[in-house]
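Could you walk me through this structure feature by feature? I would like to learn how to read each one.

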Amino acid sequence: MASLYTDKLEAWLRAHSNEADAEAMAAYMRDQFPFLGIRNPQRMALTKQFWKEHGFPKGAEGVKVADELWALPEREFAYTAILLLTQLRKESGPERIEVLERMVITQSWWDSVDPIADHLIGYHLQKYPEQIPVHVEKWLASGNMWLQRTAILFQLKYKQRTDVTLLFSTIRQLADSKEFFIRKAIGWALREYSKTDAAAVRAFVAENELSPLSVKETLKVMQRKEAQQADL
């Protein structure tokens, strides 16, 4: 059974549901999940108001609440769980990776996997870099598209701290994937790193066979900069 805190938060959000918006939001996500129909700005405001009135669950209680929210069907509860864990990430221990991995492979879609990979797992692995080799290897070998996407994306915000050897090796191992979300992730990761080292990314694209989608996504920023310079 869910905790009293989670029950109250669930009831609070359900009280602000909007059927018309719920249908539109579900359609946008290809009807992968039901929605309450609470758009992000309102959901954030409602959650912060709830925390102000009922307190913020910390430590093990906070992780328990996040797990309980994750188990609810409507997508806004998953978003709230991610927000809660983001607020708790500074106090997390090395075992938190197990919770995050479980969230990646359950109720999986890009709208949950991407913020978990970027904001939660990326942050966690900067705190505990000794976990990177074993987990990235496991994710790549898992055959799970969402774990593989996480292996590509967790360094998105690392910039100069990016382990370029690892990033390029990961992409090489997945470059022949037929999955749209893997090809898209490859382009996204390379595009982000091109803002730090465009020359390295250009060389990598030239020397490796990537899907047309990955190449297109990779080159967006560099091509835009070239066009701007040409107009000067």
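The dialogue below takes up a helix, the core, the open and closed spaces, and a few single residues.

Q: Before we start, what kind of model is this?

A: It is a predicted model. Please keep that in mind throughout.

Q: Let's begin with a helix. How many residues does helix 11 have, and what span does it reach?

A: One way to read a helix is to compare its end-to-end span with the expected one. Helix 11 covers residues 180-194, which is 15 residues. From first C-alpha to last it reaches 21 Å, close to the 21 Å expected at 1.5 Å a residue.

Q: Which residues of helix 11 are buried, and which helices do they pack against?

A: Relative accessible area is the guide here: under 20% counts as buried. In helix 11 the buried residues are Phe181, Ile182, Ala185, Ile186, Gly187, Ala189, Leu190, Arg191, Tyr193 and Ser194. Their packing partners are helix 7 (110-127), helix 9 (145-153), helix 10 (164-174), helix 12 (198-207) and helix 13 (212-231).

Q: Now the interior. How many residues does the largest nonpolar core have, and which have the most contacts inside it?

A: A core is read through its membership and its best-connected members. The largest nonpolar core has 73 residues, and Leu85, Ile116, Ile121, Trp139 and Phe154 have the most contacts inside it. Helix 5 (residues 75-88) contributes the largest share of this core, nine residues.

Q: Could we take one of those residues? What is Trp139 in contact with, leaving aside its neighbours within four places in sequence?

A: Setting sequence neighbours aside lets us look at contacts between separate parts of the chain. With neighbours within four places left out, Trp139 is in contact with Ile97, Glu101, Ile121, Leu125, Leu147, Gln148, Thr150, Ala151 and Phe154.

Q: Leu125 is on that list. Where is Leu125 found, and is it buried or exposed?

A: Leu125 is found in helix 7. Leu125 counts as buried because its relative accessibility is 0%. Apart from neighbours within four places in sequence, Leu125 is in contact with Ile97, Gln131, Ile132, Trp139, Phe154 and Tyr158. Leu125 and Ile97 are 28 residues apart along the chain, while their C-alpha atoms are separated by 8.4 Å.

Q: What about His135: where does it lie, and what is it in contact with beyond four places in sequence?

A: His135 lies in helix 8 (residues 132-141). Its relative accessible area is 8%, so His135 is buried. Leaving aside neighbours within four places, His135 is in contact with Ile97, Glu98 and Glu101.

Q: On to pockets. What volume does the largest pocket have, and which residues are closest to its centre?

A: For a pocket, take volume, lining and residue classes in turn. The largest pocket has a volume of about 370 Å³. It is lined by 15 residues, and those closest to its centre are Met29, Asn40, Arg43, Tyr79 and Asp111. Helix 2 (19-28), helix 3 (40-54), helix 5 and helix 7 each supply at least two lining residues, and helix 5 gives the most, with four. By class, this lining has nine nonpolar, three polar and three charged residues.

Q: And how does the lining of the second largest pocket divide by class?

A: That lining has eight nonpolar, no polar and seven charged residues. The second largest pocket holds about 290 Å³ of space. Among its 15 lining residues, Trp110, Asp114, Arg149, Phe181 and Lys184 lie nearest its centre. Helix 7 and helix 11 are the elements that give two or more residues to this lining, and helix 11 gives the most, with five.

Q: How many cavities of 30 Å³ or more does the structure hold?

A: A cavity, unlike a pocket, is a space from which the probe cannot get out. The structure holds one of 30 Å³ or more, and the largest cavity has a volume of about 40 Å³. The residues lining the largest cavity are Leu85, Arg89, Ser92, Arg96, Leu100, Leu120 and His124. Helix 6 (96-105) and helix 7 give two or more residues each to this lining, which divides into three nonpolar, two polar and two charged.

Q: Last, the backbone. What is phi of Asp31, and where is Asp31 placed?

A: Here we look for the sign of phi and then the setting. Phi of Asp31 is near 55°, a positive value in a residue other than glycine. Asp31 is placed in the loop between helix 2 and helix 3, and counts as exposed because its relative accessibility is 58%. Gln107, also not a glycine, has a positive phi of about 50°. Gln107 lies in the loop between helix 6 and helix 7, and at 25% relative accessibility it counts as partly exposed.

Note on methods. Residues numbered from 1 in each chain as written. Predicted model: local features only at pLDDT ≥ 70, side-chain atom pairs only at ≥ 80, totals over all residues. Heavy atoms only, no water. Expected span 1.5 Å × (residues − 1). Buried < 20%, exposed > 50% of the residue type's maximum accessible area, 1.4 Å probe, protein only. Contact = heavy atoms within 4.5 Å. Core = buried A, V, L, I, M, F, W, Y, C linked by side-chain atoms within 4.5 Å. 1 Å grid on protein atoms, 1.4 Å probe; cavity = no way out; pocket = protein on both sides within 12 Å on 5 of 7 lines; lining within 4 Å. Points joined across faces, edges and corners; volume = space filled by probe spheres on them. Nonpolar A, V, L, I, M, F, W, Y, C, P; charged D, E, K, R; others polar.
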